[in-house]
Amino acid sequence: MNPNTAISCPSCSAEHRLTDPSTISFVCEYCDNVIVWDEQGIQLAGKQSRLLEGFSRLYRGAMGEIASRRFQVLGRIRYSFGRGFWDEWYLMLDTGESIWLTEDNHEFCQQVALDHSNAFGHPSDYLIGDDIQIDGKVFRVQEIGKAKCLGIEGALPKGVLPDEEYDYIDGSSLDGQKTFGLEYDGVHDGFPPTLYVGTWLKPRDIKLDDEGVEW
């Protein structure tokens with residue numbers, strides 16, 4: 001997709017202008033239908049996504065600074081892990097780069113995808129408490145589970161759909177400074193798991209332009 005592409009929703013014909021060239025899926029804000037596209041073109045995914053607001057400072061369309069870099073929130077995914085949920089926020093920086101923020105229990109972590117996923121096996125190969133090495137740093141497995149997509153909003157660079165499920169492994173470095181996550185969302189299509197390594201953010205690291213404004 002080219003930047004600033006205008007598309008019409010196949011369901012309600014509402015026009016949307018998308019600025020991220022890596023966008024693969026999009027939720028129409030008028031009819032809530034999920035739109036996806038590939039080499040064959042734009043099509044409905046056969047799903048609707050009515051994602052409830054959470055208790056976050058962030059929201060779709062929010063603008064501000066993260067670690068002194070300008071950003072705009074383009075989309076969000078909410079996942080359930082059975083006992084609760086977490087949100088993944090997709091942000092576009094003014095440099096043209098994109099980043100993911102994971103929010104769990106009001107705590108934010110900036111995630112970076114690393115190209116080491118072929119080095120890891122199936123979730124059944126691991127136990128909670130196992131240690132693994134990533135770029136010479138030791139991480140400990142703290143959670144092994146199954147994530148279910150509760151809903152999406154905005155524009156996203158991947159084609160996740162509501163009600164889809166995948167296996168995951170989460171953990172942190174022994175000093176608690178870094179997190180890691182293995183997402184097995186593409187293994188059914190023959191792809192290896194995606195490896196993310198994250199860094200915790202302090203509340204002051206994220207500044208919204210309209211923070212403190214009375215609505």
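This report walks through the strands, cores, salt bridges and cysteines of a predicted model.

## Ground rules

The model is predicted, so local features need pLDDT of at least 70 and side-chain atom pairs count only at pLDDT 80 or more, while totals for chains, interfaces and linings use all residues. Residues are numbered from 1 along each chain as its sequence is written, and side-chain values use heavy atoms, with hydrogens and water left out.

## The overall picture

Let's start with the fold. The chain has 16 strands and zero helices; here strands are DSSP runs of E with at least two residues, helices are runs of H or I with at least four residues, and both are numbered from the N terminus. Of its 215 residues, 43% count as buried, a word that stands for under 20% relative accessible area, with exposed meaning over 50% and partly exposed the range in between (1.4 Å probe, protein chains only).

The chain exposes about 11,800 Å², and carbon and sulfur atoms supply 48% of that area. Areas come from the Shrake-Rupley method with a 1.4 Å probe, and for residues only the protein chains shown count as cover. Among contacts (heavy atoms within 4.5 Å) with a separation of 6 or more, 49% are between residues 24 or more positions apart.

## Strand β7 and its partners

A good place to look is β7 (69–80). Nine of its twelve residues are buried, so β7 is largely enclosed by the rest of the structure. Strands are said to pair if DSSP finds at least two bridges between them. On that basis β7 pairs with β6 in the antiparallel sense over four bridges, and G64 stands opposite F71 in β7. The hairpin of β6 and β7 has two residues between the strands, and A67 there takes a positive phi near 50°.

Strands β7 and β8 also run antiparallel, joined by nine bridges, with Y79 facing its bridge partner W86 in β8. Their hairpin has four residues between the strands, and G82 in the turn has a positive phi of about 100°. Six bridges join β7 to β12, again antiparallel; one bridge partner in β12 is G151, opposite R78.

## Nonpolar cores

A nonpolar core is a set of buried Ala, Val, Leu, Ile, Met, Phe, Trp, Tyr and Cys residues joined through side-chain atoms within 4.5 Å. The largest one has 19 residues, of which I77, Y79, W86, I152, L156 and V160 touch the most other members. Two or more residues each come from β4 (33–38), β7, β8 (85–93), β12 and β13, and β12 gives the largest share, four residues. Apart from this core lies another, of 14 residues, among them V73, W89, L93 and F108.

Beyond four places in sequence, W86 touches residues including I77, Y79, F81, A147, Y166 and Y168.

## Salt bridges

Side chains of opposite charge can pair when their charged atoms come close. Counting a salt bridge as a side-chain nitrogen of Lys or Arg within 4 Å of a carboxyl oxygen of Asp or Glu, a search of the whole structure finds ten. Three of them are set out here.

| Pair | Closest N to O distance |
|---|---|
| R60 and E153 | 3.8 Å |
| R76 and E153 | 2.8 Å |
| R140 and D131 | 2.7 Å |

E153 appears in two of these rows. Its partner R60 sits in the loop between β5 (41–48) and β6 (63–66), 93 residues away from E153 in strand β12. The pair of E153 and R76 links β12 with β7, and so ties together parts that are 77 residues apart in sequence. E153 is buried at 11% relative accessible area, and R76 is buried at 1%, whereas R60 is partly exposed at 36%. R60, R76, R78, D87 and E153 are linked in a network of salt bridges.

In the remaining pair, R140 is partly exposed at 36%, and D131 is partly exposed at 41%.

## A buried lysine and the cysteines

K158 lies in the loop between β12 (137–156) and β13 (165–173), and it is buried with a relative accessible area of 16%. Leaving aside neighbours within four places in sequence, its contacts include I77, Y79, E88, W100, E183 and D185.

With a disulfide defined as a pair of cysteine sulfur atoms within 2.5 Å, the count is zero. The sulfur of C31 is 3.6 Å from the closest cysteine sulfur, in C9, which is too far for a bond. C31 is buried at 15% relative accessible area, and C109 is buried at 3%.
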